[in-house]
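Student: Could you take me through one sheet of this model in detail, and then follow the aromatic contacts and the cysteines outward from there? I would like the reasoning spelled out wherever a label depends on a computed value.

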Amino acid sequence: MAGEFMRIEMLAALHGDCLLVEYGDIRRTRRILIDSGPVGAYEALRGRLERLPKGDRRFELMVLSHVDTDHIEGLIKLFANPRPWPFVVRDVWFNGWRHLEEAHGLLGGRQGEFFSALLARRLDEGCWNGAFKGQAVVVRDAGALPEHVLPGGLKLTLLSPTLVKLERMREAWRKDLGDAIDPGDLEAAWALLGQQKKYLPGKGLLGSSAQLDTLIEKQSRPDDAAANGSSIAFLAEYAGNAGMAGSGDEMPGGKSRSCLFLADAHPDAICASVKRLLQARGLARLRVDAVKVAHHGSKANTTDELMSLIESPRFLFSTNGQQFGHPDEEAVARVIGRSSHPSPTLYFNYLSEHNRVWQERQEQFGYKAVFNDGSGSPMVIAL
């Protein structure tokens, strides 16, 4: 079909992630939403939803990758609005306490309980982890990686989290709640959510060079945060009517398009899954059109091993640098210096004191850098 497309919008999500992915052809546009930024970025999300065409505000999927506030709070506020919503969502992927502890009933962290309570009350039956029959969104230790094809042909291959990462998150979730509520007690979470003014929708609730190598070789501790390790991360591939993509190469009848959406996932889990995928597909390296760099460009989440397994012309960084000073210089240097693509393009949805240096080094290190225009509009990357 002529006019097939896939594009990624990085919304102005402050120090967090909020990604709108649209795909389709001249007949129809389909979309998914990945994360929603902190509550301070909610207006960017709300405004983008309002700009969707009336009568065409349908989401095939919304993904809440994990419970960190810079990923989850916008969706908490969005779902706190009473139904009917001005949009339709077919499925929501989010691991709650019921998925961390299958024998109990839901997942943790205070924001996680809030979101769980909203999903339990707001969504229609079968729309919470519907692609997984209501069970955990998780990569098992053996067998093929989980795959799911959305309407219109967008294929998602799950890379993270693993069972081990979810087990660690269970303990962190329980600790974060303290004595406030019991894990999985959605009625208590619902009542507590009603007291959180920042989520209220209205007046009332619920209504490589030597220099690069020096940077790269700086010692950095691996990311050990349980919440980040529980991130839902996946490979998205769209080949339209040409069939499903296997490696990001052009296919008969049309061009395939693909992106790695890595959330804040731990690199060991991503590398292990990518190796399984490469073995299954008989490939030496995974070629994709873009990589949404993990954890906003933290030096702990992009490793030499990961870079050796993938090839991409585009790397996307979502952060304004507040809170944690991302992206780390070492991480950006590793992307440039270890990229198997001869001249990668780096996309930053903000220009900040933490990434400005990469505006100045393009000729020196042989890459391209593109920065959003500062207007507050989403940064659009067409694949």
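Tutor: In this predicted model, six strands form an open sheet in the order β7-β5-β3-β2-β1-β18, and their pairing is mixed. The edges are β7, residues 92–93, and β18, residues 379–382, each of which pairs on one side only. At the β7 edge, the partner strand β5, residues 61–63, runs parallel to β7, and two bridges join them; M62 has V92 of β7 as its bridge partner.

From that edge strand we can turn to the aromatic rings, for which the count comes to 12 pairs. One of them is W93 with F234, which is edge-to-face because the ring centres are 6.3 Å apart and the planes stand at 80°, over the 60 degrees that this label requires. W93 has a relative accessibility of 2% and therefore counts as buried, and F234, at 1%, counts as buried too. The pair formed by F348 and F371 has its centres 4.9 Å apart and its planes at 10°, so this pair is stacked. Since F348 belongs to strand β16 (residues 345–348) and F371 to strand β17 (residues 368–371), the contact ties together parts that are 23 residues apart in sequence, and both of these phenylalanines are buried. Elsewhere, F59, F79, W85 and F87 make up one aromatic cluster, while W358 has a charged neighbour over its face, namely R361, at 5.0 Å from the ring centre.

The cysteines lead to a helix. A search of the whole structure finds zero disulfides. C127 counts as buried because its relative accessibility is 13%, under the 20% cut-off, and C271 is likewise buried, with a relative accessible area of 1%. C271 is one of the buried residues of α9, which also include P267, A269, I270, S273, V274, L277 and L278. An α-helix has 3.6 residues a turn, so residues three or four places apart point the same way. The length of α9 can be checked as well: with 15 residues (267–281) at 1.5 Å a residue, the helix should span 21 Å, and because its end C-alpha atoms are 21 Å apart, the model agrees with that expectation. Just after α9 comes G282, whose phi is positive, at about 70°.

Conventions: Residues numbered from 1 in each chain as written. Predicted model: local features only at pLDDT ≥ 70, side-chain atom pairs only at ≥ 80, totals over all residues. Heavy atoms only, no water. Helix = DSSP H or I, 4+ residues; strand = E, 2+ residues; numbered from the N terminus. Expected span 1.5 Å × (residues − 1). Buried < 20%, exposed > 50% of the residue type's maximum accessible area, 1.4 Å probe, protein only. Pairing = 2+ DSSP bridges. Disulfide = S-S within 2.5 Å. Phe/Tyr/Trp six-rings, centres within 6.5 Å; stacked < 30°, edge-to-face > 60°. Lys NZ or Arg CZ within 6 Å of the ring centre and 35° of its normal.
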